[in-house]
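Trainee: Could we go through the empty space and the ligand site in this one together?
Mentor: Sure, pull it up and ask away.

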Amino acid sequence: MLKVGITGGIGSGKTTVCKVFETLGIPVYYADDRAKALMVEHPDIINAIKKNFGQAAYFENGELNRNYLSKIVFNNKNKLETLNSIVHPVVYMDGEEWHQKQANVPYTIKEAALHFESGGYRLMDKMITVFAPRELRLARVTKRDNVSPEMVEARMDKQMPENEKIEKADFVIYNDGQKMLIPQIHKIHQELIDFIKHSINSKQ
Ligand code: ATP
C-alpha cells in the first residue's frame, strides 16, 4: 500500500482536497488533528511537555493551554524544536499503526501542513502540494477561523514558500478558484492507481 502525503500552505485547501479523496474510498490520516488529540491523550507527550514547559502547559481539567505553549514556542526556535521532538515521533508511530490497519485500498493519504518543513515527506512514496494564492488563502482563513489577517500572515511567514513546495511535489493541485478542483483530484487518483498497477506488473 502506497503512502501519499498532502501538504500546502495554511488555507490552501488541504482538508477540502482530502475530503474529495475520501469520497473516492481513500483513507486519510489528518496528522495535525491527530497531533492535537495526542497532546491531550498520550501520557508520554503530556509528561514530556510538563517537564520541558512547566505544569502550566495544561489546565487542571487536562486541556492543553495552547496560548501558553504557543507564546513560548512562536518566536523561539529551540523551544519549537523541543516541542516537535516530543510530539512528532508519537504522531509518526500513530500514523504508521493507522496505515498498517488500512486494508483493500491502493494507497493511503497523510495530510500535514508541514510535511516538507518537518522532513516527514521523506517517508512518503508520493507527495501532493495544494496551491492557492496568498490573498485567497488569507481571505479563506480569516473567514473560516474569524481571525485577523495579521495572525494568518504571521503563520504564513513561518511556512516554506509555495514555489518550493510545488517544486518538491510529485503532483500539484491548483485550488486557486480558477481551475476546477474535482477533475484535478480524479486525474491524480487515476495516475496513482496506474503507477501502483505498473509497479506490481514490473515486479511480476
Ligand atoms: P489549514 O492549513 O488551516 O488546515 P487547509 O489547507 O486544510 O487549511 P481548508 O480548511 O481545506 O484548508 O480550506 C480553507 C477554507 O477555505 C475552508 O473554509 C474551506 O471551506 C475554504 N475553501 C477551500 N477550498 C475552497 C474552494 N475551492 N472554494 C471555496 N472555498 C474553499
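Trainee: Which residues line the largest cavity?
Mentor: Keep in mind that this is a predicted model. Going along the chain, the lining of the largest cavity starts with K3, V4 and Y29, then picks up Y92, G95, E96, W98 and H99, and finishes with T108, I109, K110 and M124.

Trainee: Which element gives the largest share of that lining?
Mentor: Strand 1 (2-8), helix 5 (77-101) and strand 3 (107-111) each give two or more residues to the lining of the largest cavity. The largest share is 5 residues, and the element behind it is helix 5.

Trainee: How many cavities of 30 Å³ or more are there, and what is the volume of the largest cavity?
Mentor: With that cut-off, the count is 1 cavity. As for the volume of the largest cavity, the value is about 90 Å³.

Trainee: How do the lining residues of the largest cavity divide by class?
Mentor: Both charged and polar residues turn up in the lining, with 3 of each. The nonpolar residues in the lining number 6.

Trainee: Why does the largest cavity lie between two domains, and which ones?
Mentor: Look at who supplies the lining: both domains give residues to it. The largest cavity therefore lies between domain 1 (1-27 + 107-204) and domain 2 (37-101).

Trainee: On to the ligand. What are the distances from its oxygen atoms to the side chains of K14 and T16?
Mentor: In both cases the partner is an N or O atom in the side chain. For K14 the distance to a ligand oxygen is 2.7 Å. For T16 the value is 2.6 Å.

Trainee: Which side chain has an N or O atom 2.7 Å from a nitrogen atom of the ligand?
Mentor: The residues around the ligand include G9, G13, E111, R140, R144 and N175. The one with that 2.7 Å distance to a ligand nitrogen is N175.

Trainee: What percentage of the ligand's area does the protein bury?
Mentor: Start from the ligand taken alone, which exposes 630 Å². Of that area, the protein buries 67%.

Methods. Residues numbered from 1 in each chain as written. Predicted model: local features only at pLDDT ≥ 70, side-chain atom pairs only at ≥ 80, totals over all residues. Heavy atoms only, no water. 1 Å grid on protein atoms, 1.4 Å probe; cavity = no way out; pocket = protein on both sides within 12 Å on 5 of 7 lines; lining within 4 Å. Points joined across faces, edges and corners; volume = space filled by probe spheres on them. Helix = DSSP H or I, 4+ residues; strand = E, 2+ residues; numbered from the N terminus. Nonpolar A, V, L, I, M, F, W, Y, C, P; charged D, E, K, R; others polar. Domains from an automatic or database assignment. Near = heavy atom within 4 Å. Polar contact = N/O pair within 3.5 Å; in protein donor to acceptor, adjacent residues only side chain to side chain. Areas by Shrake-Rupley, 256 points an atom, 1.4 Å probe, with all protein chains shown as cover.
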